[in-house]
Amino acid sequence: GGAGAGLARPAGRAAIAVMPFADRTGDPGGHGGLAIAEDLTTRLAKLRSLFVIAQGTMRALRERQVGPDEAGRLLGADYVVGGSLRRRAGRLEVVAELVDARTAQVAWSDCYAPTEADTLPALEEIGDRIVAAVAAEAEAAERNRAVLRPPASLDAWGAYHRGLWHAYRFNRADNERARQLFERATCLDPTFARGHAGLSFAHFQNAFQGWGDRAAEMDLAFDAAGQGLMADDRDPAAHWAMGRALWLRGEHDQSVDELVRSVALSPNYAQGHYALAFVQSQAGPPDEAIAFADQSRLLSPFDPLLFAMLASRCVALVRLGRFEEAADWGVKAASRPNAHAQILAIAAFSLALAGRTEEGRALAGKIHARLPRYGLEDFLTAMRFSPDGARLFREGARRIGMG
């Protein structure tokens with residue numbers, strides 16, 4: 001990362017600065033541009049995934065008429081967020097962009113306009129979407145940067161992001177490499193909560209996918225999540241990891257409590273909303289699961305876990321008896337490039353329940369090409385369905401010869 005004077009950051013963490021937005025709405029004081037920058041700064045800080053530079057510093061630079069590029073250099077910031085507010089046909093529009101200060105390239109840009117009047121909820125939604133997009137783009141850039149560096153040169157931050165790059169491939173070999181990198185991140189910096197959350201995620205996958213001894217991996221996922229909470233109990237990712245570890249152990253209510261805590265700490269944390277969709281789709285209120293799945297996709301439409309967001313919506317629809325809709329969402333989930341066998345099974349069984357048995361059998365063939373011995377019991381062991389959900393998915397499996 002950058003090395004601006006006086007900018008001390010933990011674990012080599014990437015630094016981000018939010019410039020006051022240019023206010024072209026006619027407000028003589030430009031208060032709207034200052035307000036949105038302060039709001040975005042607060043929300044990014046709550047995610048706790050980046051080192052966020054305080055707004056007082058940014059206001060001082062603005063008063064000196066320092067532009068985004070120069071601000072990034074002066075502060076040693078790796079990323080700078082900027083933008084503008086304007087009115088078009090009486091409606092407020094917010095333009096936001098993320099600049100990679102190390103290359104001066106615009107990494108992301110978008111324009112937001114409330115669908116209704118400039119109500120507070122509409123403006124809140126714009127803030128949510130900007131923060132989630134900025135965080136996702138910065139994280140993706142950090143993952144790609146870490147992959148290109150020599151492994152021996154990685155600090156805790158780099159090892160964590162290289163680990164994520166492997167983890168998001170969702171296969172056994174990459175997950176083992178991810179586990180090693182997350183372990184290295186936690187050894188290099190035991191106070192780095194995200195490293196512990198990543199390690200918990202790798203052990204979760206080993207248990208969920210049947211890539212290791214399930215009971216032992218469940219315990220390791222739980223222990224790593226606990227270490228993350230001890231490192232920083234205000235990091236939403238630490239509570240996300242603990243919620244998923246508790247779900248593995250069959251502790252549904254406690255899992256939901258932790259996941260609710262993760263999104264309470266940061267309403268912009270798309271992974272928290274997704275995990276609530278995943279857990280509630282199987283054994284909680286299905287309508288609630290659909291709302292969480294939709295919110296996770298709204299916040300992070302290009303997420304590495306998009307397949308799971310789509311599949312959670314599919315599972316909830318199956319439990320509501322809306323099989324044709326469920327099948328359509330299942331097909332979308334299964335078509336994602338990193339969708340694993342459990343996702344293909346959800347789609348295959350949903351297609352069978354919708355009467356689309358040939359499509360279901362074709363997906364079953366894809367599963368068996370990867371995992372010749374995969375069967376219904378592997379699926380039901382991985383998931384935590386309520387009795388109604390288990391009954392429906394058993395029936396879907398029976399219809400395509402996997403029951």
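In which loop does Phe-170 lie? Phe-170 sits in the loop between helix 5 (156-167) and helix 6 (172-188). The model is predicted. Its chain has 18 helices and six strands. The radius of gyration is 22 Å, close to the 22 Å that the globule rule gives for 403 residues, so the chain is as compact as a globular protein of that length.

**Overall shape and surface**

- Taken along the principal axes, the C-alpha atoms fill a box of roughly 70 × 55 × 35 Å.
- Of the 403 residues in the chain, 57% are buried.
- Among contacts with a separation of 6 or more, 61% join residues that are 24 or more positions apart.
- About 16,600 Å² of the chain is exposed, and carbon and sulfur atoms supply 52% of that area.
- The chain carries 47 positive and 49 negative charges, and the mean positions of the two sets are 4 Å apart.

**Nonpolar cores**

- In soluble globular proteins, nonpolar side chains tend to be buried together.
- Here the largest nonpolar core has 123 residues. The residues with the most contacts inside this core are Ile-16, Phe-21, Ile-130, Phe-349 and Phe-379.
- Leaving aside residues up to four places away in sequence, Ile-16 touches Leu-44, Leu-50, Phe-51, Val-52, Ile-53, Tyr-79, Val-81, Leu-98 and Val-134.
- A second, separate core of ten residues includes Met-19, Ile-53, Val-66 and Ala-71.

**Two buried helix residues**

- Leu-351 lies in helix 15, which covers residues 341-353. Its relative accessibility is 1%, under the 20% limit, so Leu-351 counts as buried.
- Not counting residues up to four places away in sequence, Leu-351 touches Ala-327, Val-331, Arg-356, Thr-357, Glu-359, Gly-360 and Leu-363.
- Arg-169 is 182 residues from Leu-351 along the chain, and their C-alpha atoms are separated by 25 Å.
- Ser-296 is found in helix 12, residues 286-299. Its relative accessible area is 0%, so Ser-296 is buried.
- The contacts of Ser-296, apart from residues up to four places away in sequence, are Ala-270, His-273, Tyr-274 and Met-309.

**Two loop residues with positive phi**

- Most residues other than glycine have a negative phi.
- Arg-48 is not a glycine, yet has a positive phi of about 60 degrees. Arg-48 is placed in the loop between helix 1 (31-47) and strand 3 (51-52).
- With a relative accessibility of 23%, Arg-48 counts as partly exposed, because that class runs from 20% to 50%.
- Phe-170, also a residue other than glycine, has a positive phi near 55 degrees. Its relative accessible area is 7%, so Phe-170 is buried.

**A residue at the end of helix 18**

- Arg-399 is found in helix 18, which covers residues 387-399.
- The relative accessible area of Arg-399 is 33%, so this residue is partly exposed.
- Beyond residues up to four places away in sequence, Arg-399 touches Ala-352, Leu-353, Thr-357 and Arg-361. Thr-357 is also one of the residues that Leu-351 touches.
- Arg-399 and Arg-86 are 313 residues apart in sequence, and their C-alpha atoms are 56 Å apart in space.

Terms used. Residues numbered from 1 in each chain as written. Predicted model: local features only at pLDDT ≥ 70, side-chain atom pairs only at ≥ 80, totals over all residues. Heavy atoms only, no water. Core = buried A, V, L, I, M, F, W, Y, C linked by side-chain atoms within 4.5 Å. Buried < 20%, exposed > 50% of the residue type's maximum accessible area, 1.4 Å probe, protein only. Contact = heavy atoms within 4.5 Å. Helix = DSSP H or I, 4+ residues; strand = E, 2+ residues; numbered from the N terminus. Rg over C-alpha atoms; globule rule 2.2 N^0.38 Å. Areas by Shrake-Rupley, 256 points an atom, 1.4 Å probe, with all protein chains shown as cover. Lys, Arg positive; Asp, Glu negative; His and termini not counted. Charge placed at Lys NZ, Arg CZ, Asp CG, Glu CD.
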